[in-house]
Amino acid sequence: MINVLIADDQNFVRKTLESYLEPESDLNIIGFADNGKTAIEKVETLQPDVVLMDIEMPIMDGLTATKTIVEKFAETKVLMLTIHDREQDIATAIKLGAKGYWLKNTTAKELADAIRYVHKGYFQLTLELVEKHFSKAAMSNL
């Protein structure tokens, strides 16, 4: 069983993600956080295997929370789940120790699979971002 914490300031998004993951028998949502500070507190008490982390949240953003979680809770992996596809955000998330970066327009199956792979220790980057950013990098080297 993979225990998952969902950190997003939008109740609609939290409920949507919950509906995506509930049918998955090996994924267990153990809590929700509406900001980065609360996410850190919940990681400490609930000890999730994976945190789905939004970037833009009040009180403390997801990138700052990710840095703290990675430093303090080595067993918990962070999968960024955001609307932002900016290269700078992706690079920062990776530098801070996030194990994946996915966009919120992902399907339920893709998200569930990404959580499973991140839990196993594999880095995950949504194909959409690979195509957008790495094809651009390849073209600039021509």
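## A walk through the predicted model

Pro-23 sits in the loop between helix H1 (11-21) and strand S2 (27-33). This is a predicted model, and Pro-23 makes a handy starting point for a tour. With a relative accessibility of 62%, Pro-23 counts as exposed, because exposed means over 50%. Its C-alpha is 9.7 Å from that of Ala-108, although the two residues are 85 apart in sequence.

### The overall layout

Stepping back, the protein chain contains six helices and six strands. Read from the N terminus, its elements follow the order β-α-β-α-β-α-β-α-β-α-β-α. Of the 142 residues in the protein chain, 44% are buried. Sequence-distant pairs feature strongly here: among contacts between residues at least 6 apart in sequence, 65% join residues at least 24 apart.

### Helices with a buried face

Let us begin with H1, the helix that comes before the loop of Pro-23. Its buried residues are Val-13, Arg-14, Leu-17, Glu-18 and Leu-21. They lie on the same side of H1, because they cover an arc of only 140° around the axis. The cover over these buried residues includes S1, S2, S3, S4 and helix H5 (108-120).

A general point helps in reading such a pattern: an α-helix has 3.6 residues a turn, so residues three or four places apart point the same way.

Helix H3 (residues 62-72) buries Gly-62, Leu-63, Ala-65, Thr-66 and Ile-69. Viewed down the axis of H3, these buried residues fall within an arc of 155°, so they line one face of the helix. Glu-71 and Lys-72 are exposed, on the face of H3 turned away from its buried side. Among the elements covering the buried residues of H3 are helix H2 (36-46), S3, strand S4 (77-82) and helix H4 (87-96). At the N-terminal end of H3, Asp-61 acts as a cap, with a side-chain oxygen 2.8 Å from the backbone nitrogen of Leu-63. Leu-63 is itself one of the buried residues of H3.

H4, part of the cover over H3, has Asp-89, Ile-90 and Ala-93 as its buried residues. Down the axis of H4 they fall within an arc of 100°, so they too line one face of the helix. The exposed residues Gln-88 and Lys-95 are carried on the face of H4 turned away from its buried side. After H4 comes Gly-97, whose phi is positive, near 110°.

### Two loop residues with positive phi

Gln-47 and Ile-59 each have a positive phi in a residue other than glycine. The table sets out their values.

| Residue | Loop | Phi | Relative accessible area |
|---|---|---|---|
| Gln-47 | between H2 and S3 | near 50° | 60%, exposed |
| Ile-59 | between S3 and H3 | near 70° | 72%, exposed |

### A buried loop residue

Is Thr-126 buried or exposed? Thr-126 belongs to the loop between strand S6 (124-125) and helix H6 (127-140). Its relative accessibility is 9%, so Thr-126 counts as buried, the cut-off being under 20%. Which residues is Thr-126 in contact with, leaving aside its neighbours within four places in sequence? They are Tyr-101, Trp-102 and Leu-103.

### A cavity in the model

Rolling a probe the size of a water molecule over the atoms shows where empty space is left. In this model, one cavity of 30 Å³ or more is counted, and the largest cavity holds about 30 Å³ of space. What lines the largest cavity? Its lining is made up of Ile-6, Ala-7, Asp-8, Leu-17, Leu-52, Met-53, Asp-54, Leu-81 and Lys-104. Strand S1 (2-7) and strand S3 (50-53) each contribute at least two residues to this lining. By type, the lining divides into six nonpolar residues, three charged ones and no polar ones.

Some of these names have come up before. Leu-17, part of the cavity lining, is also one of the buried residues of H1. S1 and S3, which supply lining residues, are among the elements that cover the buried residues of H1. S3 also helps to cover the buried residues of H3.

Notes. Residues numbered from 1 in each chain as written. Predicted model: local features only at pLDDT ≥ 70, side-chain atom pairs only at ≥ 80, totals over all residues. Heavy atoms only, no water. 1 Å grid on protein atoms, 1.4 Å probe; cavity = no way out; pocket = protein on both sides within 12 Å on 5 of 7 lines; lining within 4 Å. Points joined across faces, edges and corners; volume = space filled by probe spheres on them. Helix = DSSP H or I, 4+ residues; strand = E, 2+ residues; numbered from the N terminus. Nonpolar A, V, L, I, M, F, W, Y, C, P; charged D, E, K, R; others polar. Buried < 20%, exposed > 50% of the residue type's maximum accessible area, 1.4 Å probe, protein only. Contact = heavy atoms within 4.5 Å. Arc of directions from axis to C-beta. Polar contact = N/O pair within 3.5 Å; in protein donor to acceptor, adjacent residues only side chain to side chain.
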